[in-house]
Amino acid sequence: MGIGRLTLLCITLAAVAGCSSEAPAPLLENLAPADWADAAGRFRSPTGEEIGHVVLTDGPNGVLLRVDLKELTPGWHAIHLHQTGDCSDGLAGFKASGSHIDPDDRSHGLLNSDGAERADLPNLYAGADGRATAEFFQSGVALYPSEESAAENGPYPLLDDDGFALIIHESHDNHMDQPIGNAGGRVACAALGGPADGEQTSLKD
Ligand SMILES: [Cu+2]
């Protein structure tokens, strides 16, 4: 890794990994080792406030995600991969992020016999202080388009032309009901790689 790349990494990840000598923001401390991060994004509340981060690592069998959020309602929340990297309409419910990533046309739900969508993840738990920190792994997706991802049933490239969004829902996903496991509205959104993002932090050349 050259100096330029390292500098870029530190600038991009300054908030995430605390590369600078200044005290790191408590929210982001130790979210993930810097050399894990292939991409990172910020979670926004409906009013646009920064309430968390996600770090994504591309692996040979899928994508690893680490998330850290604050100011959530205590309890379980659904977290899904949505189609479009656009969190610009929070007050209107983050609808611009589109529907779930589901290239196989499956039903929603990790516990559904006709499921699951590639959007589907286990629930995220926020403690009494509203903080939620977790690691997830999703097979069937990759960060970047490739020959492999273009093949039938290949990994779905999250950072395609319109990017993707990680959406936190108001309540938990029951992993069964259509279309979103009765998880309610969208309360936080992290856009990566989308046209309206402006916050893309892809670290690959
Ligand atoms: Cu969703």
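Student: Which residues does R186 touch, not counting residues up to four places away in sequence?

Tutor: This is a predicted model: local features need pLDDT (the predictor's confidence in each residue, from 0 to 100) of at least 70, side-chain atom pairs count only at pLDDT 80 or more, and totals for chains, interfaces and linings use all residues. Residues are numbered from 1 along each chain as its sequence is written. Two residues are in contact if their C-beta atoms, placed from the backbone, lie within 7 Å. Leaving out residues up to four places away in sequence, R186 touches G93, F94, I167 and H169.

Student: How far apart in space are the C-alpha atoms of R186 and G93?

Tutor: R186 belongs to strand β11; strands (E, at least two residues) and helices (H or I, at least four) are DSSP runs, numbered from the N terminus. Along the chain, R186 and G93 are 93 residues apart. Their C-alpha atoms are separated by 5.9 Å.

Student: Is R186 buried or exposed?

Tutor: A residue is buried if 20 or more other C-beta atoms lie within 10 Å of its own, exposed if 12 or fewer, and partly exposed in between, with C-beta atoms placed from the backbone. Because R186 has 24 other C-beta atoms within 10 Å, it counts as buried.

Student: What share of the chain counts as buried?

Tutor: The chain has two helices and 11 strands. Of its 205 residues, the share that counts as buried is 42%.

Student: Which element gives the largest share of the largest nonpolar core?

Tutor: A nonpolar core is a set of buried Ala, Val, Leu, Ile, Met, Phe, Trp, Tyr and Cys residues joined through C-beta atoms within 7 Å. The largest one has 46 residues, and V54, C189 and A190 have the most contacts inside it. Elements giving two or more residues to this core include β1 (39-44), β2 and β3 (62-69). The largest share, six residues, comes from β11.

Student: Why is V54 buried, and in which strand is its place?

Tutor: V54 is buried because 24 other C-beta atoms lie within 10 Å. Residues that V54 touches, beyond four places away in sequence, include A40, L65, L166 and A190. The place of V54 is in residues 50-59, strand β2.

Student: Which strands stand at the edges of the open sheet?

Tutor: Two strands pair if DSSP finds at least two bridges between them. Seven strands form the open sheet, in the order β5-β10-β11-β1-β2-β3-β7, with antiparallel pairing. Two of them each have a single partner strand, so one side of each is left without a neighbour in the sheet: β5 and β7.

Student: Over how many bridges do β1 and β2 pair?

Tutor: R44 stands opposite E50 in β2. β1 and β2 pair in the antiparallel sense, and the number of bridges is six.

Student: Where is C87 found?

Tutor: C87 counts as buried because it has 30 C-beta neighbours inside 10 Å. Among the residues that C87 touches, beyond four places away in sequence, are R44, C189 and A190. C87 is found in the loop between β5 and β6.

Student: Over which residues is the pLDDT below 50?

Tutor: The chain averages a pLDDT of 85, and 80% of the residues score at least 70. Where pLDDT is low, the predicted coordinates should not be read in detail. The stretch with pLDDT below 50 is residues 1-25.
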